[in-house]
There are 2 protein chains.
Amino acid sequence: MAQKTFDRAALEQLIVKRFFYAPSFQIYGGVAGFYDFGPTGCALMNNIISVWRNHFVLEEEMLELDTTIMTTHEVLKTSGHVDKFADWMCKDLKNGEIFRADHVVEAVLEARLAGDYQARAAKEGNAEAQVLVEKKDPKKKKKKGTVVAVELEEAVRKQYEETLAQIDNYSGQELADIMKKFDIRSPETGNELSVPQEFNLMFDSSIGPTGQLKGYLRPETAQGQFLNFKRLLEFNNDKMPFASAQVGRSFRNEISPRSGLLRVREFTMAEIEHFVDPENKDHPNFVDVKDVVITLLSKDVQLSGKTQTRDMTVGEAVEKKIIDNQTLGYFIARIYLFLTKIGIKRDRLRFRQHMDNEMAHYATDCWDAEIHTSYGWIECVGCADRSAYDLTVHSRRTKEKLVVREQLETPRVIEQWQLEINKKTFGPKYKKNAKAVEEALLSYTDECYEKLQKDLETNGSASVEVDGVTFEVSKDDVTIARGTVTEHIREYTPNVIEPSFGIGRILYALLEHSWWVREDDEARNVLSFPTVVAPFKCCLLPLSGNACFDPFVKKFSRQLRQSGVSTRTDDSKASIGRRYARNDELGTPFAITIDFQTVEDNTVTLRQRDSTEQIRDTFENILKIVKESGDDI
Amino acid sequence: MAQKTFDRAALEQLIVKRFFYAPSFQIYGGVAGFYDFGPTGCALMNNIISVWRNHFVLEEEMLELDTTIMTTHEVLKTSGHVDKFADWMCKDLKNGEIFRADHVVEAVLEARLAGDYQARAAKEGNAEAQVLVEKKDPKKKKKKGTVVAVELEEAVRKQYEETLAQIDNYSGQELADIMKKFDIRSPETGNELSVPQEFNLMFDSSIGPTGQLKGYLRPETAQGQFLNFKRLLEFNNDKMPFASAQVGRSFRNEISPRSGLLRVREFTMAEIEHFVDPENKDHPNFVDVKDVVITLLSKDVQLSGKTQTRDMTVGEAVEKKIIDNQTLGYFIARIYLFLTKIGIKRDRLRFRQHMDNEMAHYATDCWDAEIHTSYGWIECVGCADRSAYDLTVHSRRTKEKLVVREQLETPRVIEQWQLEINKKTFGPKYKKNAKAVEEALLSYTDECYEKLQKDLETNGSASVEVDGVTFEVSKDDVTIARGTVTEHIREYTPNVIEPSFGIGRILYALLEHSWWVREDDEARNVLSFPTVVAPFKCCLLPLSGNACFDPFVKKFSRQLRQSGVSTRTDDSKASIGRRYARNDELGTPFAITIDFQTVEDNTVTLRQRDSTEQIRDTFENILKIVKESGDDI
């Protein structure tokens, strides 16, 4: 693995030097978790998004939306984000410094394990191991508090390791228990920490001059798509399945942003919401991808405490029910094809299934595309089955029907529970609440009716909850029995399969995967982006500042641009060699040099970035080569 | 003018029906000033942005950035937005309803003028005029309060008209005076209104878990570009002039959003910051645009109370100093070329110069590209000379030098005021403030030194302000005299020319300019977008649901996409005629129909949107026609 020899500091230096991105407001001291993308990073991101749009939106005729970032309180209350989109934080009881609770537990336990390792190494006189411990990541270690070489008992060490393995999945109470049990204190000061408190991760604001309408910056682009479901279905001529898509900014007010672009407070996402019949999750184009081989890490394997991946075709994975259905499988394959197209290395890409306790509040199944970086395996794309959760809650809250109505070719006779209200007793008994109780009862699902019927039979009464108040319903109030209904139209709430892309994370992983240093010259960085995403496709270099080159620069750059080749002219006074080196660092695949021979016979030199190979030909022929190399979109 | 016969309600209906855009959160009741863009509107916007990027960023090798929306308090305090980016609001003293002060004055005075007109018309028995008054805009009138037919005195009417003509330019105090003078009350209730109060238009939030770091959603993308000036200059190999650019979302918490996309709370902007030597605002490519003819409405003409425009070449306008310099002229011409390229009508586009009292706090000169719509002439692009304002204030606040250092070919000898501190008296006199006072004095401009010298000579002392505290400096503390300095390097703060595009406004204006109804059929709307921005370039129509067409749909749509033609398949059961009509409403320039003959000989029918002309040829030839028509980017 590249991990061991990977010099992250050198890459970070290159990223800032060539202005891929850099901390925002830096002349004001900066604020953690905010980054500005420079000309190279911005072009790289635009190109990634452009490939994404071609690959997903255009190729599959998805319905792209552009909805607002500002979102009202009521929408996000309904979606569950106001109540559940939170992390746990705790405070240094003396100096008030704030930590994310899971991060502080992680940091302290990792430091203790490192100390244990160090103590054992010293005892065994294993100098190499000791050095390795110290080298591992000196910066990180320092931040995480002092490593003290103390040997741990075997049982304690095991407990620490088990805790760390599940660190993403603890509730606030569990974190509090762990902190107490292991005496977790601030790694900076050693002071005691407060009990973890919930902190909602949404930035809030208020809309309009009265300040009474609360709003949040969206934490995902998905809600804007769900709210438009009815319009989208109509736009699609009521045909199912279909997908909407959106690219845009989202926000998370992280407690302690870290790891560069991997955990930031403002970021660009690309999300697809594929609406599908819950009774038929086959995908019409599954056949096109069934032979794609992907690397899987399933739930079962992880539950058995292992991380061994398996390579198999998507077809096989769906057939064996490792991946639940064709639609989920289809998107996993399409994600794989997209990521490898833009330059993510195949052998550093895997799909990991979420375990039940780590899924977001809305998901029923979820596979992450994880990309390997120097930070370990990083979730870059989530592919979740959100079931009918979002459409159901918004529909319930707004009383707007968010359903598909399907004309049945042959009417269906369905046996189901049927409820009848006894109007005579109902009104007098519930008085002003009668209507609300009736509505609540009528909105029950078949399963609920079955339970109600059982309760009534067993106890003579059952409880019904209406807006938080519980009412008792007795046998005399309602009649409930099995009956048949003939349906001509089938009405259903679609399920949603959601591939959700963190563009900044993908971009960072791509930088790591593309970067290398020429063996013959330690100082020469190269970023080997595929042409399709390279910030600039071609660089135009006049040999010197001699005016005779000017008309050629002007003519060639216009012709390159007109052929769709984004071009940057570098007419600085640096030597050609230095300018080639600069272009290697910008990841520009081609450089065209104009020299005195060009003035005579219209030929130019083409230099290829990775091989440094050079050929000479007429500009027209060179243009053809450059143009065609970008046509692999 | 199209104004009179323009049926805006019909266009708005079309916009929602074909989901160009629609109110956000509508199933929750909606909130004024927020719109979601649907598949057509989103594609239209993406295409406008794509043309913009080609026309400006790629063609001129601008440095595109992508900076954060969330911006810290300190940055926007320095830029002046915290103090000055505000509107005036007033409250109905009884029911608390909030109005924008200038809007309420406008509404009430317009209603009184309408009442006056009505009364006169009635008196003169001019029935037609009366009807016209009532018809004018019934919806708008209703919102603005009841029009009562009361005749006004000639002098009063004149005062009202004069006030309305300058309604955009009043200060809070002036608005208060006008409201008192004309007894302006709530148009809804007739209740008294509060004195206008300032309301800052930025959405605020706080960053991080402590809640102590205040942030705002940016009101413009420009500040993010200024903060990165140093990095940009370095990236550009220290060469001047150069431009940065940014496309992104900005926010304004409008008091009372109105007029659809024209005044919203969240919107997409595209901004260019062109950094230029203040002593030389010539533009190297001015020659390319000097013959472009544009329509101008200069400051002088407006000051004389007229609105007569003049057509002239940009070259002439710059030569006659109507437009101040080549760079400003260059961008005005480029803006003109961009807007007409995407389909804005030439005869409904003008450039209006701002009068001195209507410019933003940072601008020294400003020309708006105004587009004529049913709402009148609307500012869609501002082209302002921000001088050195922003770089200067950020530099002063952060102590970071935001300057260009230019190596002089021949050293310059400059005569200027020079200040010497008398160290002997200075320290003892100012004690702990000595350093701050010294720094303040040393940062003076030449003009300030001149004034200081005069004051010292006249009064023997002068005052110096340091962070709000005033110190007295006497003749003994400093020596100030003319002297010469030899400079080898010229250091200067660049000026900024800023073309700033409101993409939503341009998009709305384009919808108005593109819309027409076929004469032979009142119900048939057409949106004649140029191919380059049309949401979908081509529609693929199988004659019926017959399975024999499926392989052709699949094959042709892939070939179209691979040729860069965005394609939408319409295989709904509607007749071909109805599907053509639908495509006219989506603004799709081409439709390709697959029928039984296609299956036999691979020929298809191509139908052109505007002419409805049809031709039949092989798919390959048709593809060539469609492809080439989109190549005019």
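**Exercise 1.** Which residues form one aromatic cluster with A:Trp52?

*Solution.* This is a predicted model, in which local features need pLDDT of at least 70, side-chain atom pairs count only at pLDDT 80 or more, and totals for chains, interfaces and linings use all residues. Residues are numbered from 1 along each chain as its sequence is written, and side-chain values use heavy atoms, with hydrogens and water left out.
Step 1: rings of Phe, Tyr and Trp (its six-membered ring) pair if their centres lie within 6.5 Å.
Step 2: the cluster joins A:Trp52 with A:Phe56, A:Phe338 and A:Phe501.

**Exercise 2.** Classify the pair of A:Phe25 and A:Phe34, and state whether each residue is buried or exposed.

*Solution.*
Step 1: planes under 30 degrees apart count as stacked, over 60 as edge-to-face and the rest as tilted.
Step 2: over all chains the count is 48 aromatic pairs. In the pair of A:Phe25 and A:Phe34, the centres are 6.0 Å apart and the planes make 55°, so the pair is tilted.
Step 3: buried means under 20% relative accessible area, exposed over 50%, and partly exposed in between (1.4 Å probe, protein chains only). A:Phe25 has 4% relative accessibility, so A:Phe25 is buried. A:Phe34 has 1%, so A:Phe34 is buried too.

**Exercise 3.** Describe the salt bridges between chain A and chain B.

*Solution.*
Step 1: a salt bridge needs a side-chain nitrogen of Lys or Arg within 4 Å of a carboxyl oxygen of Asp or Glu.
Step 2: the rule finds 5 salt bridges across this interface.
Step 3: A:Asp571 forms a salt bridge with B:Lys239, with the closest N and O atoms 2.8 Å apart.

Definitions and conventions: Chains lettered and ligands numbered in written order.
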